[in-house]
Amino acid sequence: MRLVLVGPPGAGKGTQAERMAERLGVPHISTGDLFRANLRDETELGRAAKRYMDAGDLVPDEVTVGMVRDRLDDEDTAKGFILDGFPRNAAQAGSLGGILADKGLQLDAVVQFEVDDEVVVQRLLGRGRSDDNEDTIRNRQRVYRDETAPLLRYYSDQLVTVDAVGEVGEITDRVFSALHARSA
Ligand code: AMP
């Protein structure tokens, strides 16, 4: 299964991606996690990404796409993958299409996590990550609305929408039901 997860910051994509990856036996590829690992290790990539992450802005596409391209070359993606937090704008979606086309592959589905903005701010403020202050959160929401949400239309043929408010396990069940319903 090759899946992309899309949803506003704090929609619980990361948690669901972990659970889905485990169930499907494919890697969970979170660009946010990859960037945070690079920050922690003080790599050049981490240094290039830091100020954008601190502000809640998108890291430039060439940096992000290069990182994803490398990750998708790893052998563990042969059985599939769950992309969490990428693509986040039209250019990245185009690049992903190109990367997959070069490998003769396609996405199986794009899963949209639907959740209200206010629910999400409360959740994020409770999470305590360094980019989880209210200004940064509001900026990340704006970036999502302006740059990422338009992808939902771009992916309309592959789109599976899930209500992301509720108990964690229940939401995972919804995701798999929706995916099965789609492939049935
Ligand atoms: P996340 O953990 O997905 O919320 O990502 C945290 C931060 O990493 C974002 O606010 C961006 O600064 C950066 N980031 C993650 N994914 C991407 C992406 N696909 N394109 C650009 N920046 C990204």
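## Note on the ligand site and pockets

1. The shell around the ligand is of mixed character, with 6 nonpolar, 5 polar and 5 charged residues, where Asp, Glu, Lys and Arg count as charged and Gly as polar. The model is a predicted one, in which local features need pLDDT of at least 70 and side-chain atom pairs need 80 or more, whereas totals for chains, interfaces and linings use all residues. Residues are numbered from 1 along each chain as its sequence is written, and side-chain values rest on heavy atoms, without hydrogens or water.

2. Of the 16 residues in this shell (a heavy atom within 4 Å of the ligand), the ones that come nearest are Thr 31, Arg 36, Asp 57, Gly 85 and Gln 92. Two elements, helix H2 (31-40) and helix H3 (44-55), give two or more residues each to the shell, and H2 gives the most, with 4 residues; helices here are DSSP runs of at least four residues and strands of at least two.

3. Three polar contacts (N or O pairs within 3.5 Å) deserve inspection. A ligand oxygen atom lies 2.6 Å from a polar backbone atom of Asp 57, while a ligand nitrogen atom lies 3.0 Å from a polar backbone atom of Val 59. With Gln 92 the partner is in the side chain, where an N or O atom is 2.9 Å from a nitrogen atom of the ligand. Of the 480 Å² of accessible area that the ligand has on its own, the protein covers 95% (Shrake-Rupley, 1.4 Å probe).

4. Where does the ligand sit? It sits in the largest pocket, in that more than half of its atoms lie within 2 Å of the grid points. A pocket is an open set of points on a 1 Å grid where a 1.4 Å probe fits, with protein on both sides within 12 Å along at least five of seven lines, and lining residues have an atom within 4 Å of a point.

5. The largest pocket holds about 740 Å³ of space, as filled by probe spheres set on the points. Its lining numbers 38 residues, of which Lys 13, Gly 32, Arg 36, Arg 88 and Arg 129 are the closest to the centre. By class, this lining has 14 nonpolar, 14 polar and 10 charged residues. At least two lining residues come from each of strand S1 (2-6), helix H1 (13-24), strand S2 (28-30), H2, H3 and helix H7 (134-148), with the largest share, 5 residues, supplied by H2.

6. The second largest pocket has about 170 Å³ of space, and its lining comprises 8 nonpolar and 3 polar residues, with no charged ones. Helix H5 (residues 90-102) gives the most to this lining, with 5 residues; among the lining residues are Ala 93, Leu 96, Leu 107, Tyr 154, Tyr 155 and Gln 158.

7. Two backbone features merit a check, given that most residues other than glycine have a negative phi, and most peptide bonds are trans. The peptide bond from Phe 86 to Pro 87 is cis, with omega near 0°, and Pro 87 is placed in the loop between strand S3 (81-84) and H5. Glu 42, in the loop between H2 and H3, has a positive phi, near 50°.

Key: A polar contact is a pair of N or O atoms within 3.5 Å; within protein, one must be able to donate a hydrogen and the other to accept it, and residues adjacent in sequence count only if both atoms are side-chain atoms.
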